Amino acid sequence: MKHFAKYGALILAAALSVPVATVAKKKTQKKEDAPIVKTDYKFPYATTPQKLYDCGTTVYSTSGNQVSNMSGIVLAKEGLKVHELGVSPANNRYLLIYDTKKGTQSILYSTEDVAKIVMKLKPKKYGQLVSAIYSPDARRVLLGGKNRTVVTTDARKLTPIDTLKLSIEPKVMEMSNNGYYLAVTDGKNVTVYNFEEKKPRQSWNFEANVTDMKFNNDGTEFAVLTDDGLASIYDTRSFIIKKDYDDLGAGIGMGYNFDGKWMAVATSADNIRVINLLDSKQNFEIPVESGQVSDLVFIPDAEGRTLLCYTTDHALKARRMWNLSPYYGKLVKEQADAMMNEWLKMMPGETIDEYRKRVNDDSRKRQRALFEAEIASGLANDLLAMSTVSLGKYDRANKVLEVNFSNMPSIFLPVEESDLGAFHKADELEFRNSKYGVMGDDNFELIYAEVFNKNDGKTYIYDNLERASLNYMEGDDNVVSLEVIQQQQMEELKLQELRRKVMEEAKSRQVISDHTNITVNSEVIPDYDANGKRILNYKVSFSYEVEPEFSATEDFAPGKYHVGESGAASSMLNIVKQAFEGELSRHLTEGKKLLVNIKGAADGTPIRSTLAYDGAYGDFEEEPVRQNGQLTTITVTKKDGMATNEQLAFIRGAGVQNYLNENIKNLSKMNTDYTYNVDVAEGKGSEFRRITVEFTFVDANLQ
């Protein structure tokens, strides 16, 4: 059973996914030949699971004195009853708190081997624990004590780092994914803390028992469920109630879907209600005939599609949620933000005066509306073709004819009264160049169409392109002022000039050639801090590309990882160094938060024999990294070297951190947080070996 605790569950999750090729065929196959895709999966358990803990694409469960993985394999049995389980988001360890006749005990397990105990926590050192959770980055463990404290420890050796004193016993704890908030409850009372400042943000006393509490994925909402069937959702900027849902039966447990549009609530032991948080008309029920529903969670499968996992009688069930529509408004906003970020950049050869003439408040508003309409129309997939169209009343005062749709709100088409006689039937109208928008309830509406009437040969224009922007999702205060954007563009111009000079100098020394291209990009990102205050983050990213046939000589050769062994990487980091000594130096403020995201990449060429590692950057034991969007861990030591491309990609990234620490003097005075992303390409070749580094100055001084 070695390694099954961690990897067996991941293999199981992968087995739940439908191959891409199968999905692609669905569009062309005849209906009778279409593959049958299973919707419900049942994993038998020896006992009935009672509580679920999600971890990436898999789930752990507890029942009595047992801890099991998603498929029902028992990983641990301790004491009389499992009291609480804290699972690392990197899926490498879990901390088990269990009850014995002599009191509560705690053990830290490794998921690499079901029999491997990392350490037993001594009550004399850690006190009597009642709860435990990992921080979202898997670098810290928070231990909740019966003495009303939360001790923050290092995740590797559980060395105490800090202590937070509470007003209530933390029987259950939840932390937001952005690390801003820690929520604790003793069963009746709930307090949310600004975890960075160790100060309470909001407290509540509920008359009923608190059965569950959750933050949504982006940390903008906090939900509390009580056993009187009430779910209250709070906006985390103010912690003022945003909406509530009652009539939820026993209010047993709940879970947010990843995008925050849907929530599932176990209303009884044999029923689950799925709630559309934007449009209640789309709510539906999931009856559970076998009963015994005591907890539920949403997880993604290996392909990123949604599974709802829930407990049942002697089993865990996973249900594919095919009928959950995406959060269209969020998709449109994210894509429009990216397109606007490119549009706002100064074009090659564009002068400052030309830029200011092209980019102003009016043009920016019009351009965003065009982008949103373009993206929404692509997502809507021609709703008119699937709609039943009918003609409604004519408004003589405003000279508009009502046109109704079965799947969208009605529109009012400008028609002169003298032309009204040509409008007989809706099927005589032909809609051309249709464009769509997304409303506040996340449903589509028609915002532009050229309506051709076959009876009179005329085209009538419906134009609502000037509708409200999707900025309504976050309010006007989340829009970056034009002055800040212009200032950012001026700074980026200077960075581009620095990039040009460094590259020319590197070419003159034949470190790189014209076949290497280094890019510098910046953007201003509106955000809120843990106190709900509006801030602006400033992200500057540096990356490079080398043409494939020149990559082996100008970038990393196979198996190489030192920065100095890549002309492209060393040239890029030289630009970073000079940028921080010059234009970016004003952002290096003592105590300010700086997020550094390092992406190391390797190609898919198999490593035939272990590569030596000289220990230049130190040894790394179970270092948290993101790989393919999922948090995991990587170990690289001088003793064992590197046997995988993931290790090689990571150590290239570690070389970047080492370079930054040694060459940028004022970086150490900031509150700097390094994160790693590992990317191993499927393709083989030196062009896949590269490094990218992103610096995000949190609450930057851009005014």
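Before we start: an axis here is a line fitted to C-alpha atoms, for helices over the stretch in contact, and angles run from 0 to 180 degrees between N-to-C directions. Helices (H or I, at least four residues) and strands (E, at least two) are DSSP runs, numbered from the N terminus.

You're working with a predicted model, where local features need pLDDT of at least 70, side-chain atom pairs count only at pLDDT 80 or more, and totals for chains, interfaces and linings use all residues. Residues are numbered from 1 along each chain as its sequence is written, and side-chain values use heavy atoms, with hydrogens and water left out.

**Exercise 1.** Describe how helix 9 and helix 10 meet.

*Solution.* Start with the axes: helix 9 (residues 567-581) and helix 10 (residues 645-663) come within 11 Å and cross at roughly 35°. Next, the hand: this crossing is right-handed (the near helix is turned clockwise from the far one by less than a right angle; anticlockwise would be left-handed). Now look for contacts, meaning heavy atoms within 4.5 Å. Helix 9 brings Leu 573, Asn 574, Val 576, Lys 577 and Glu 581, and they meet Val 656, Tyr 659, Leu 660 and Asn 663 of helix 10. Sort these residues by class and you get 5 nonpolar, 2 polar and 2 charged (Ala, Val, Leu, Ile, Met, Phe, Trp, Tyr, Cys and Pro count as nonpolar, Asp, Glu, Lys and Arg as charged, and the others, Gly among them, as polar).

**Exercise 2.** Work out whether the length of helix 7 agrees with its residue count.

*Solution.* The rule is 1.5 Å times one less than the number of residues. Helix 7 (residues 482-508) has 27 residues, so it should span 39 Å, and its end C-alpha atoms are indeed 39 Å apart. Just past the helix, look for Gln 510: its phi is positive, near 60°.

**Exercise 3.** Find the angle between helix 7 and helix 9, and name the arrangement.

*Solution.* Their axes come within 10 Å and cross at roughly 135°. The two helices are therefore oblique to each other (under 35 degrees is roughly parallel, over 145 roughly antiparallel, 65 to 115 roughly perpendicular, and the rest oblique). Helix 7 passes helix 9 in a right-handed crossing. On the helix 7 side, the contact includes Leu 495, Leu 498 and Arg 499, while helix 9 offers Ser 571 and Asn 574, among others. By class, the contact has 7 nonpolar, 3 polar and 1 charged.

**Exercise 4.** Do the same for helix 4 and helix 6.

*Solution.* Helix 4 (residues 328-343) and helix 6 (residues 361-380) have axes that come within 9 Å and cross at roughly 135°. That makes helix 4 oblique to helix 6. The crossing is right-handed.
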